[in-house]
Amino acid sequence: QVQLVESGGGLVQAGGSLRLSCAASGRTFSRYAMGWFRQAPGKEREFVAAISSSGGSTSYTDSVKGRFTISRDNAKNMVYLQMNSLKPEDTAVYFCAARIVGTNQYHYWGPGTQVTVSS
């Protein structure tokens, strides 16, 4: 199993930047693909970005391409989401999630961190 805790959320003006961090417990972190998801008020949770277990492959939802960057440090059991050029529509609770390599479902989730972008 792996336990996840996000940090780095907060209030920022439109056009600003934030860096989210996700700390993972356990010795097998490098066996998990990792993802970031978000849920805005009144909306369903949506995929934001993902990174492979080695960090060699990433993917993004179209609305954040060119603005967000996902990365990981397997030596530190950390995953990051660098968010630049933030927009009010990026306001949401952001969740870190872990997926066992070879499966299609994210089994482990953090409690989330709030990101609020003011206009």
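Here's a walk through one sheet, the nonpolar core and a buried arginine in this structure. Keep in mind that the model is predicted.

Let's begin with the sheet. Four strands line up in the order β1-β3-β8-β7, forming an open sheet with antiparallel pairing. The edges belong to β1 and β7, each of which pairs on one side only. Going from one strand to the next, the twist averages 15°. As a reminder of what holds such an arrangement together, strands of a sheet pair through backbone hydrogen bonds, either parallel or antiparallel.

Now look at β3, which covers residues 18–24. On one side, β3 pairs with β1 (residues 4–7) in the antiparallel sense, over 4 bridges. You can pick out the register from individual residues: Glu6 sits opposite Cys22, and Ser7 has Ser21 as its bridge partner. β3 also runs antiparallel to β8 (residues 78–83), and 6 bridges join these two strands. Ser21 turns up again here, with Tyr80 as its bridge partner in β8. So how enclosed is β3? Of its 7 residues, 5 are buried, so the strand is largely enclosed by the rest of the structure.

Next comes the core. In soluble globular proteins, nonpolar side chains tend to be buried together. Here, the largest nonpolar core has 28 residues, and the members that touch the most others are Met34, Trp36, Leu81, Met83 and Tyr94. At least two residues of this core come from each of β3, β4 (32–39), β5 (46–51), β7 (68–73), β8, β9 (92–100) and β11 (113–118). Leu81 is a handy one to click on: leaving aside residues up to four places away in sequence, its contacts include Leu18 and Leu20, Trp36, Val48 and Ala49, Phe68 and Ile70, and Tyr94.

That brings us to Arg38, found in strand β4. Is this charged-looking name on the list buried or exposed? Arg38 counts as buried because its relative accessible area is 5%, against a cut-off of under 20%. What does its side chain contact? There's a polar contact of 2.6 Å between the side chains of Arg38 and Glu46, plus another of 2.9 Å between those of Arg38 and Tyr94. Around these, and again not counting residues up to four places away in sequence, Arg38 touches a set of neighbours including Glu44, Arg45, Val48, Ser63, Val64, Phe68, Asp90, Ala92 and Val93. Tyr94 is worth a second look, then: this residue is one of the core members touching the most others, and its side chain also makes that polar contact with Arg38.

Notes. Residues numbered from 1 in each chain as written. Predicted model: local features only at pLDDT ≥ 70, side-chain atom pairs only at ≥ 80, totals over all residues. Heavy atoms only, no water. Buried < 20%, exposed > 50% of the residue type's maximum accessible area, 1.4 Å probe, protein only. Pairing = 2+ DSSP bridges. Core = buried A, V, L, I, M, F, W, Y, C linked by side-chain atoms within 4.5 Å. Contact = heavy atoms within 4.5 Å. Axes fitted to C-alpha atoms, helices over the stretch in contact; angles between N-to-C directions. Polar contact = N/O pair within 3.5 Å; in protein donor to acceptor, adjacent residues only side chain to side chain.
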